[in-house]
Amino acid sequence: MSETEMVREDAAEHAVQYGGFWLRVGATLIDSLLIVLLTTPLLYSIYGDQYFNPNQIAAGFWDVLISWLLPAVAVIIFWYFKGASPGKMIFRLRIVDAETLGPANMRQLVIRYLGYFVSSIPLGGGLLWVAYDPRKQGWHDKLAKTVVIIER
């Protein structure tokens, strides 16, 4: 029996529970709050009140770096080393390879992160998909071939 078949058999025996829509929304809210709490004071110290100008998309280089690039890197690093972001860890959720239920690889995790943008474009339809999919996969999960499971 191959390793993949053994993992599947073990998963079937233990009835894998997929992380549902509301658990994942809660985890995302926690992660978003953490990112805002870490980045806003830093950006305010760099740009002052100018940072809160509603007429600009980005205040400058540091804004793009701190608001977009660093959170993306941090999230992907958490996913890679912990299998979850801090919010997902609180709810005992873990991102795994959809076929083997083993750890997702770096390629899958980068695709998954970028897939959030694809999932968000049609009025968040790809994110809402989690609520209706039998394996609770959003489009970003389908693109990356990942699932979110509840650890026991």
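**Exercise 1.** Which arginine lies over the face of tryptophan 79, and at what distance from the ring centre?

*Solution.* The model to be examined here is a predicted one. Step one is to identify the charged partner: arginine 112 lies over the face of tryptophan 79, at 4.7 Å from the ring centre. Step two is to place both residues with respect to solvent, and here arginine 112 has 0% relative accessibility and counts as buried, while tryptophan 79 is likewise buried, with a relative accessible area of 3%.

**Exercise 2.** Classify the aromatic pair formed by tryptophan 79 and tyrosine 113, and locate its two members in the chain.

*Solution.* The structure holds 12 aromatic pairs. In the pair of tryptophan 79 and tyrosine 113, the ring centres are 6.1 Å apart and the planes make an angle of 55°. Because an angle over 60 degrees would be needed for edge-to-face and one under 30 for stacked, this pair is classed as tilted. Tryptophan 79 belongs to helix 3 (residues 61–82) and tyrosine 113 to helix 5 (residues 106–120), so that the pair links distant parts of the chain, 34 residues apart. Tyrosine 113 is buried, its relative accessible area being 17%. Both rings also enter a cluster, linked by ring pairs, that includes Trp68, Tyr116 and Phe117.

**Exercise 3.** Determine which residues are joined with aspartate 141 in one salt-bridge network, and describe each contact.

*Solution.* A search of the whole structure finds four salt bridges. In one of them, arginine 24 pairs with aspartate 141, with the closest N and O atoms 2.6 Å apart; this contact connects helix 2 (residues 21–47) to helix 7 (residues 139–144) across 117 residues. In another, the side chains of arginine 112 and aspartate 141 meet at 2.8 Å, N to O, and because arginine 112 lies in helix 5 and aspartate 141 in helix 7, this pair ties together parts that are 29 residues apart in sequence. Salt bridges that share partners thus join Arg24, Arg112 and Asp141 into one network. As to burial, arginine 24 has 7% relative accessibility and counts as buried, and aspartate 141, at 0%, counts as buried too.

**Exercise 4.** Describe the salt bridge between glutamate 151 and arginine 94, and state what parts of the chain this pair ties together.

*Solution.* The two side chains meet at 2.5 Å, N to O. Arginine 94 lies in strand 1 (residues 93–97) and glutamate 151 in the segment after strand 2 (146–150), so the pair ties together parts that are 57 residues apart in sequence. Glutamate 151 is partly exposed at 32% relative accessible area, and arginine 94 is partly exposed at 24%.

Note on methods: Residues numbered from 1 in each chain as written. Predicted model: local features only at pLDDT ≥ 70, side-chain atom pairs only at ≥ 80, totals over all residues. Heavy atoms only, no water. Phe/Tyr/Trp six-rings, centres within 6.5 Å; stacked < 30°, edge-to-face > 60°. Helix = DSSP H or I, 4+ residues; strand = E, 2+ residues; numbered from the N terminus. Buried < 20%, exposed > 50% of the residue type's maximum accessible area, 1.4 Å probe, protein only. Lys NZ or Arg CZ within 6 Å of the ring centre and 35° of its normal.
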